[in-house]
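Hi,

Here is the structure I said I would pass on. Have a look at it first, and then read my notes below.

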Amino acid sequence: MTKSTMTLPELLGKSADSDLLREMIGFASQRLMELEVESLCGAGHGERNMERVNWRNGYRPRSWDTRAGTVDLQIPKLRKGSYFPGFLEPRRTAERALTAVIQEAYVQGISTRSVDELVKAMGMSGVSKSQVSRLCAEIDERVRAFLERPLEGDWPFLWIDATYIKVRQGGRIVSVACILATGVNADGQREVLGMAIGPSEAEPFWTGFLRSLTRRGLRGVKLVISDAHEGLKAAAAKVLNATWQRCRVHFMRNALAHVGPSQRAMVAAMIRTVFAQETAEAAHQQWRHVADSLRQRFDKLAKLMDDAEHDVLAFMSFHKNLWSKLHSTNSLERLNKEVKRRTAVVGIFPNEDAITRLVGAILMEQNDEWAVSRRYMPLETLAEFRHPDSTRPLAIPAA
């Protein structure tokens, strides 16, 4: 008797049927995205409609791992805001899940048997010890390619911060500085630019790190935002010829350390009046007024304010709509917390290569998320950093 139905494994066992099923999934997924974007825009593709609220802005490719194989999708982009289809969960594809398992095994020394059982639980076939080693080598190559990729265009704003990670060196456990750098280009897009590991945060280390970024193409830096690292301040001026912005949040912590607990709320409120000013000139005047008002009772605090005035208020020389993003390292602090959370699982790394492998993979994940999100800074606020020909349409020769 001939069977009237066929199970999915049987269907996938036939090459032609497998291709057909994959194409059907791809077609249905693409149509779902088109219909969803049509609803978000208030009009169909190319349709003239007075009720339209948004416009399309091309596509971005995305691979989707399914039981029928990898489906290549074209995710629509919007001119205002961002769009990501609900049926695609970020960082949940089989390939990324498998990579995370192998990475955990490689860094933490989990047994191959544990990895094999976990991979089977994911609905995939088990992996051998040689496959673990091979995939780990591939992870190394991907991380290295990401951290050494060329940097194109101008990057007017650069955020840098450091976190400390424990590692074994020569039979001892030591803390090494892990430097992270992110930037925003002239198109308002945010990216992870690089990382470095060193024994300290002295000026030679900062200088070497910044020079490694310039060798990869970093240029056009106008403002470097960081905590009060004197070595970094000198290196930024020497290598990038850029202004240094001292993180406002870190400065406030340093300032309040010079007053007693009972006076901190009052002093913090006085200093915040500086940042409430509408112009840079008014902010500088208010800064000096506050410093003079506090000088008699808190001489060390007033001296700190005298020395830090231009560094803390450097962000005010740029477009006012950018002030909230330029005054501190808050955006980088969130990434730093994720790095600390993920590295805390390991505790003590066996070597610096293991740090680069894990932290580099985390930075790759974050960079991918930023790539599909909306611009970090609007284009109109970056007009002074954009070249006249950067928005000029490409000339298409006649046939």
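**What I found**

Let me start with Arg357, which is found in helix α14. Bear in mind throughout that this is a predicted model. Arg357 has a relative accessibility of 8%, so it counts as buried, the cut-off being under 20%. Its C-alpha atom is separated by 9.4 Å from that of Arg142, although the two residues are 215 apart along the chain.

**The largest pocket**

Helix α14 turns up again here. The largest pocket has a volume of about 670 Å³. It is lined by 27 residues, and those closest to its centre are Gly81, Gln189, Ser373, Arg374 and Arg375. Which elements give two or more residues to the lining? They are β1 (56–66), β2 (69–78), β5 (190–198) and α14. Of these, α14 gives the most, with three residues. Sorted by class, the lining comes to twelve charged, nine nonpolar and six polar residues.

**Aromatic pairs**

Next, the rings. The count of aromatic pairs comes to seven. One of them is Phe157 with Phe318, an edge-to-face pair with 5.3 Å from centre to centre and 80° between the planes. This pair links distant parts of the chain: Phe157 is in strand β3 (residues 157–169), Phe318 is in the loop between α11 (299–312) and α12 (323–326), and they are 161 residues apart. Phe157 is buried, with a relative accessible area of 0%. Phe318 also counts as buried, at 13% relative accessibility.

Another pair to look at is Trp159 with Tyr376, which is edge-to-face too, at 6.1 Å centre to centre and 80° between the planes. Here again distant parts of the chain are linked, with Trp159 in strand β3 and Tyr376 in the segment after α14 (352–371), 217 residues apart. Trp159 is buried, with a relative accessible area of 0%, and Tyr376 counts as buried at 16% relative accessibility.

Back to Phe157 and Phe318 for a moment: together with Phe385 they form one aromatic cluster.

**Charges over rings**

Tyr376 has a charge over its ring as well. The charged end of Lys325 sits there, 5.3 Å from the ring centre. Elsewhere, the charged end of Arg248 sits over the ring of Phe275, 4.2 Å from its centre.

**Arg149 and its contacts**

Is Arg149 buried or exposed? Its relative accessible area is 16%, so it counts as buried, given that the cut-off is under 20%. Arg149 lies in the loop between α5 (129–147) and β3. What does its side chain touch? A polar contact of 3.0 Å joins it to the side chain of Glu191. A polar atom of the Arg149 side chain also lies 2.5 Å from the backbone oxygen of Val192.

**Leu240 and Asn241**

These two are worth viewing together. Leu240 lies in helix α7, and Asn241 lies in the loop between α7 (230–240) and β7 (243–246). Leu240 is buried, with a relative accessible area of 12%, whereas Asn241 is exposed, with a relative accessible area of 70%.

Asn241 has a positive phi of about 55°, although it is not a glycine. As background, most residues other than glycine have a negative phi.

Leu240, for its part, has Leu210 at 7.7 Å in space, C-alpha to C-alpha, with their positions 30 residues apart in sequence.

**Ala177 and Pro199**

One last spot to click on is Ala177, which lies in strand β4 (residues 172–184). Ala177 counts as buried, at 0% relative accessibility. Ala177 and Pro199 are 22 residues apart in sequence, and their C-alpha atoms are 6.0 Å apart in space.

**Where to begin**

If you want a route through the model, you could begin at strand β3, where Phe157 sits and where Trp159 sits as well. From Trp159 you can step across to its partner Tyr376, and then to Lys325, whose charged end sits over the Tyr376 ring. After that, take a look at the largest pocket, with Ser373, Arg374 and Arg375 among the residues closest to its centre.

Happy to go over any of this with you.

Best wishes

How values were computed
Residues are numbered from 1 along each chain as its sequence is written. Side-chain values use heavy atoms; hydrogens and water are left out. Rings of Phe, Tyr and Trp (its six-membered ring) pair if their centres lie within 6.5 Å; planes under 30 degrees apart count as stacked, over 60 as edge-to-face and the rest as tilted. Helices (H or I, at least four residues) and strands (E, at least two) are DSSP runs, numbered from the N terminus. Buried means under 20% relative accessible area, exposed over 50%, partly exposed in between (1.4 Å probe, protein chains only). A charge sits over a ring if NZ of Lys or CZ of Arg is within 6 Å of the ring centre and within 35 degrees of the ring normal. On a 1 Å grid over the protein atoms alone, a cavity is a set of points where a 1.4 Å probe fits but cannot get out, and a pocket is an open set with protein on both sides within 12 Å along at least five of seven lines; lining residues have an atom within 4 Å of a point. Grid points are joined across faces, edges and corners, and a volume is the space filled by probe spheres set on the points. Ala, Val, Leu, Ile, Met, Phe, Trp, Tyr, Cys and Pro count as nonpolar, Asp, Glu, Lys and Arg as charged, and the others, Gly among them, as polar. A polar contact is a pair of N or O atoms within 3.5 Å; within protein, one must be able to donate a hydrogen and the other to accept it, and residues adjacent in sequence count only if both atoms are side-chain atoms.
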